[in-house]
Every structure is written in structure tokens, then in C-alpha cells.
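Trainee: I would like a close look at one part of this model, with the surroundings that frame it. Please take me through it in one go, and give the cut-offs as you use them.

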Amino acid sequence: MTQTSAPARPAQKPTRGGPAAKPLAVNPEAKIAHGWLHTARFLTTAPQLEHLPALDLPEIAFVGRSNAGKSTCINTLTQQKRLAFASKTPGRTQSINLFSLGKQGVHDAVLADLPGYGYAAVPREAKLRWQRVMGNYLITRKNLKAVVLLCDPRLGLTELDEILLEVIRPRVEQGMKFLILLTKADKLTRTEANKALSIARLQCGGGEARLFSALKKQGLDEVATLLWGWAHEDGVSEEEAEPPALD
């Protein structure tokens, strides 16, 4: 009796941006981090620094050029569709938005969404004003624990990104956490992604660099775990670490 061979599998098409991303929450630490980020809720908005509330909680700021994918990144990390709202006109959102984190109404950290910068259609006076506001925030905000700089790796760090790096460099040297997050990594080939990551690691000045794709869920576990760790460096009890139920 002749034995029929199994049908050949169709050849797989090469993927961009490296291997497929791992499923969400593949380890206990990532599960805790994702559950924690999902508790994010709008806290307040501030058009000026003096309108920001004085807080004792660790604050993690998200900054970057307009169209770098900042709102999409925040919404993906928190598993919410419209927590961070992207303006229909990039660069026109000119307020600092704060989101509280923590289950059962007990806040333990804050996310800060800073206005995007560098969009050509914004009047020069508005650009200069917000550069001053953001610079002052990054220098003087006492509870600022970490800064996440979002960058489209196809463009690389721009002059404005470099200026921001210089502004926060002294605080990073004093221990503030810093991450360059290369968004839209799914649009790169594996070679391009590796090259962009290598360059970012050289430019991060003592911080870290990661690839991220909201579309492919690439880097989600890594970034969520990193943010959780930064916000809870003093340690939490086992009960506090238990992730809240997702909606």
C-alpha cells in the first residue's frame, strides 16, 4: 500500500519588522503591568504649567513630534480606544493631559501626554511658546520619574528631538528614566529595524530604546513592564501587585 505524503505547506511570505509579536501578557510581570495600565483614567488638562496639580506620585511623560504616533501608543498601552485624543489637525493640541493609574480609586502613578511638536502648520509664536512650556515642565516638574520620547524610525531623531534630549540630559544623569520608543516598527524590514534600534541606543544618552508597533502589538509586553517597574521601584505588596480585572 502506497503512503501518500502530506501536502506541502504554502511558502510563507517574509514579514516586515522581524518575527510576529508575542501574544499580550505572556508572563506574570507583563500581565500585572498590562492590568495596571488599563486602569488609566483622565485626571486633568493644563494649558499652562501653573494649572498642573502638585502631585507626589511618580509621573511618566510621553513626548514627541506630531504624527509620531503618541496618542495611538498611549491608547494601545492602556488598552483603551480614546483615552489620549489625537487632534484632527496635528500640532494644534496645546495642553498637557494627565491620566491617573491605580486600581480601586487608589492612584499610584500618573501618565502625562505632552503636546506634539514640530508640525509645520502651527504658527511660529505658538511653537515657541510650547517649546518653552515643555522645556520648563521637563526641567522643573518635581515628581517627573521618566520620559518616553516617541520617534518615527523612518525619520530618525530630528533637531527638535535633539534639543529635548539636551534639556533632559542633566535629569537623566541624576537618575530620571528615559526611553526612546521607535514607533511604527511594522513599516520597517528586520534589517532596517535593527539598524534604527542600534542608532537609537547610541543616542539615548544613558536611557533605553525599544521598537514598538501598535498595529502588530510589537514591544507591548516590554514597554508595559518597563513602565510598571519605573513607577514601582520602591516595591509593592503582593496584594497591590495583583492585576485588576479588565473591563
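Mentor: Let's start with Arg210, which, leaving aside neighbours within four places in sequence, is in contact with Leu179, Ile180, Leu181, Leu182, Leu197, Glu222, Val223 and Leu226; contact means heavy atoms within 4.5 Å. This is a predicted model, in which local features need pLDDT of at least 70 and side-chain atom pairs count only at pLDDT 80 or more, while totals for chains, interfaces and linings use all residues. Residues are numbered from 1 along each chain as its sequence is written, and side-chain values use heavy atoms, with hydrogens and water left out.

Arg210 belongs to strand β7 (strands are DSSP runs of E, at least two residues, and helices are runs of H or I, at least four, numbered from the N terminus). With a relative accessible area of 18%, Arg210 is buried; that word means under 20%, with exposed over 50% and partly exposed in between, using a 1.4 Å probe and protein chains only. Its side chain makes polar contacts with the side chains of Glu208, at 2.9 Å, and Glu222, at 3.3 Å. A polar contact is a pair of N or O atoms within 3.5 Å; within protein, one must be able to donate a hydrogen and the other to accept it, and residues adjacent in sequence count only if both atoms are side-chain atoms.

Now for the sheet around Arg210. It is open and mixed, with 7 strands in the order β1-β3-β4-β2-β5-β6-β7. β1 (41–46) and β7 (208–211) are the edge strands, each pairing on one side only; two strands pair if DSSP finds at least two bridges between them. From one strand to the next, the twist averages 25°. Helix α6 (residues 220–231) packs on this sheet, touching β2 (59–64), β4 (109–113), β5, β6 and β7, and its direction makes about 165° with that of β6. Axes here are lines fitted to C-alpha atoms, for helices over the stretch in contact, and angles run from 0 to 180 degrees between N-to-C directions.

Moving inward from that edge, β6 (residues 177–182) runs parallel to β5 (residues 144–151), joined by 6 bridges. Within this pair, Ile180 of β6 stands opposite Leu149. β5 also pairs with β2 in the parallel sense, over 6 bridges, with Val147 in β5 opposite Ala61. β2 pairs in the parallel sense with β4 too, over 4 bridges, and Phe62 has Asp113 of β4 as its bridge partner.

β2 itself is largely enclosed by the rest of the structure, because 6 of its 6 residues are buried. Glu59, Ala61 and Val63 lie on one side, with Ile60, Phe62 and Gly64 on the other. β2 also helps to cover the buried residues of helix α2, as do α1 (28–37), β4, β5, β6 and α6. In α2 (residues 70–78), 8 of the 9 residues are buried, so this helix is largely enclosed as well. Among them are Lys70, Cys73 and Leu77.

Finally, a word on confidence. pLDDT is the predictor's confidence in each residue, from 0 to 100; the protein averages 83, and 78% of the residues score at least 70. The value stays under 50 over residues 1–25 and is below 50 over residues 237–247. Where pLDDT is low, the predicted coordinates should not be read in detail.
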